[in-house]
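Welcome! Here is a short guided walk through a protein chain, to be read with the sequence and the model side by side.

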Amino acid sequence: MTEPIQPNEKPGAEAPQSPEEREAAMFANEADALAQAQAELATLKAKSGELADQFLRAKAEAENARRRADEEISKSRKFAVESFADSLLPVMDSLETGLAHKDATPEQIREGAEATLRQLKSALERNKVIAIDPAPGDKFDPHQHQAISVVPLAPGVQQEPNSVVTVLQKGYLIAERVLRPALVTVAAPQ
């Protein structure tokens, strides 16, 4: 025999649960939620550990790169003049050879000095040391020239004011940076 359907019940619906059954269902749901949360926590802990390991490896790699760069900089500073010194060795050899000739004539000494000067200029140019040697009439450049005096121009001399009259001492650039400015006299304004 079939039980009659109660007015508030829908056909096919389960019968009302007892408080114990509801409590057991609630504990089961909480247990499922707890198991799911624990699984998520374990996954997140694993991912966190993995990220921490990656961070430590990246940090160590950055530290190693910084250390290697510091060593390279130290070596560069220590041996920066190696190429320059190597370029000057032939100049030194030429000077020593010239001084070894005791009975050289003044002409031979002059020729040897000129050859040695050419070697020195070549060595400086190879190492990017370039002379600053302005011609008379060139515009005075305070970045490359140092004015020793301002001189009035002789009558009849046509030269712009504030231009180089004479070079007292050449200046030098090293890789486009002024090593020593050229010492010059400058034309006075008229």
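## Overall picture

Let us begin with the contacts of this predicted model. Of the contacts in the protein between residues at least 6 apart in sequence, 64% join residues at least 24 apart. Buried residues account for 12% of the 190 residues.

How does the protein compare with a compact globule of 190 residues? Such a globule would have a radius of gyration near 16 Å, but the protein has 45 Å. Its C-alpha trace spans about 145 × 55 × 25 Å along the principal axes.

The protein holds three helices and six strands. Reading from the N terminus, the elements follow the order α-α-α-β-β-β-β-β-β.

## The helix pair

Two of the elements to look at together are helix H2, residues 82-100, and helix H3, residues 106-126. In general, two packed helices are described by the angle between their axes and the distance between the axes. For H2 and H3, the angle is about 180° and the axes are 9 Å apart. The two helices are therefore roughly antiparallel to each other.

Which residues make this contact? From H2 come Phe84, Ser87, Leu88, Pro90, Val91, Ser94 and Leu95, while H3 supplies Thr116, Gln119, Leu120, Ala123, Leu124 and Arg126. Sorted by class, the contact has eight nonpolar, four polar and one charged residues.

## The sheet S1-S4-S5

Now to the strands. One open sheet of three strands has the order S1-S4-S5, and its pairing is antiparallel. Strand S1 (129-132) and S5 are at the edges with a single partner strand each, so one side of each is left without a neighbour in the sheet. On average, neighbouring strands of this sheet are turned by 35° against each other, direction ignored.

Four bridges join S1 to S4, and Ala131 stands opposite Tyr172 in S4. On the other side of the pairing list, strand S4 (residues 171-174) meets strand S5 (residues 177-180) over three bridges in the antiparallel sense. Here Leu173 has Val178 of S5 as its bridge partner. S4 and S5 form a hairpin with two residues between them, and Ala175 in the turn has a positive phi of about 50°.

## The sheet S2-S6-S3

A second group of three strands forms an open sheet in the order S2-S6-S3, this time with mixed pairing. Its edges are strand S2 (145-151) and strand S3 (164-169); each has a single partner strand, so one side of each is left without a neighbour in the sheet. From one strand to the next, the twist averages 30°.

S3 and strand S6 (residues 182-187) run antiparallel and are joined by four bridges. If you would like one pair to find on screen, Val167 has Val184 in S6 as its bridge partner.

## A closer look at His145

Is His145 buried or exposed? This residue, which lies in strand S2, has a relative accessibility of 8% and counts as buried, because the cut-off for buried is under 20%.

Not counting residues up to four places away in sequence, His145 touches Ile132, Pro134, Lys139, Phe140, Val164, Pro181, Ala182 and Val184. Val184 also appeared above, as the bridge partner of Val167.

Terms used
Residues numbered from 1 in each chain as written. Predicted model: local features only at pLDDT ≥ 70, side-chain atom pairs only at ≥ 80, totals over all residues. Heavy atoms only, no water. Pairing = 2+ DSSP bridges. Axes fitted to C-alpha atoms, helices over the stretch in contact; angles between N-to-C directions. Buried < 20%, exposed > 50% of the residue type's maximum accessible area, 1.4 Å probe, protein only. Contact = heavy atoms within 4.5 Å. Parallel < 35°, antiparallel > 145°, perpendicular 65-115°, else oblique. Nonpolar A, V, L, I, M, F, W, Y, C, P; charged D, E, K, R; others polar. Rg over C-alpha atoms; globule rule 2.2 N^0.38 Å.
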